[in-house]
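Thank you all for making the time this morning. I would like to walk through one chain with you, going from the overall fold to a handful of side chains, and I will try to be explicit about what each statement rests on.

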Amino acid sequence: MAGRSYTSLLLLVSLLLLITFSDIAEATKLRTSDCKPRCTYRCSATSQKKPCMFFCLKCCSKCLCVPPGTYGNKQVCPCYNNWKTKEGRPMCP
């Protein structure tokens, strides 16, 4: 019985790791043709769609990465996360 619990736990952890890394793989290694749909989704929740799209597309073409979701998750794309304006503010939405 203890062997079954261990196997189930191992399977669950493996599945969670697979899901986590599939999100990371999905966010990275884009082609420039993938930028527009990814940025459209990334900017879908903001009221400032035009500037969001402009900067997201600029960041995507340089970094070839757009973080998953409409906000946050920038740690998935280091280039996207670390690119700053002259004032030190984040360049990418």
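Before I name any residue, let me fix one term: a residue is called buried when its relative accessible area is under 20%, exposed when that area is over 50%, and partly exposed in between. Please also keep in mind throughout that what you see is a predicted model.

With that term in hand, consider the aromatic rings, where the structure holds 1 aromatic pair. This pair is made by Phe54 and Phe55, whose ring centres lie 5.0 Å apart and whose planes stand at 85°, so the arrangement is edge-to-face, given that planes over 60 degrees apart are put in that class. Are these two rings buried or exposed? Phe54 has a relative accessible area of 52%, and because this is over 50% it is classed as exposed. Phe55, at 31% relative accessibility, counts as partly exposed.

Let me step back to the chain as a whole. Its secondary structure comes to 4 helices and 0 strands, and read along the sequence the pattern is α-α-α-α. Of the 93 residues in the chain, buried ones make up 24%. The chain exposes about 6800 Å², and 64% of that area is supplied by carbon and sulfur atoms. As for how the chain folds back on itself, if we take the contacts with a separation of 6 or more, residues 24 or more positions apart account for 48% of them.

Now to the surface of helix H1, which spans residues 2–27 and holds Leu9. Together with Leu12 and Val13, Leu9 forms a nonpolar patch on the surface, and the accessible area of these residues together is about 260 Å².

Moving along the sequence, the loop between H1 and helix H2, the latter covering residues 35–42, is where we find Arg31. Which residue does Arg31 meet in a salt bridge? The partner is Asp34, with a distance of 3.7 Å from N to O, and because the criterion asks for a side-chain nitrogen within 4 Å of a carboxyl oxygen, the contact qualifies. By this rule the count for the structure comes to 1 salt bridge. The two partners fall in separate accessibility classes, since Arg31 is exposed at 57%, whereas Asp34 is partly exposed at 22%. Each of them also has a C-alpha distance to report across the sequence: Arg31 and Ser61 are 30 residues apart in sequence and 8.3 Å apart in space, C-alpha to C-alpha, while Asp34 and Val66, 32 residues apart along the chain, have their C-alpha atoms separated by 9.4 Å.

Val66 brings us to the loop between H3 and H4, that is, between the helix of residues 49–63 and the helix of residues 78–82. How accessible is Val66? Its relative accessibility is 2%, so it counts as buried.

Two other residues of this loop deserve a look at the backbone. Most residues other than glycine have a negative phi. Leu64, however, has a positive phi, near 55°, and Asn73 likewise has a positive value, near 60°. Leu64 lies in the loop between H3 and H4, as does Asn73. Leu64 counts as partly exposed at 33% relative accessibility, and Asn73 is also listed as partly exposed at 33%.

The loop between H3 and H4 also contains Lys74, which I would ask you to find on the screen. What is its accessibility class? Lys74 has a relative accessible area of 18%, and because this is under 20% it is classed as buried. If we set aside residues up to four places away in sequence, Lys74 touches Arg42, Pro67, Tyr80, Asn81, Pro90, Cys92 and Pro93. For one of these, Pro93, which is 19 residues from Lys74 along the chain, the C-alpha atoms are separated by 8.9 Å.

I will close with a second lysine, in a contact with an aromatic ring. The charged end of Lys62 sits over the ring of Trp83, at 4.1 Å from the ring centre.

Definitions and conventions: Residues are numbered from 1 along each chain as its sequence is written. This is a predicted model: local features need pLDDT of at least 70, side-chain atom pairs count only at pLDDT 80 or more; totals for chains, interfaces and linings use all residues. Side-chain values use heavy atoms; hydrogens and water are left out. Rings of Phe, Tyr and Trp (its six-membered ring) pair if their centres lie within 6.5 Å; planes under 30 degrees apart count as stacked, over 60 as edge-to-face and the rest as tilted. Buried means under 20% relative accessible area, exposed over 50%, partly exposed in between (1.4 Å probe, protein chains only). A charge sits over a ring if NZ of Lys or CZ of Arg is within 6 Å of the ring centre and within 35 degrees of the ring normal. Patches are made of residues with over 30% relative accessible area and no salt bridge: like charges are joined within 9 Å, nonpolar side chains (Val, Leu, Ile, Met, Phe, Trp, Tyr) within 5 Å. Accessible areas come from the Shrake-Rupley method with a 1.4 Å probe; for residues, only the protein chains shown count as cover. Helices (H or I, at least four residues) and strands (E, at least two) are DSSP runs, numbered from the N terminus. Contact means heavy atoms within 4.5 Å.
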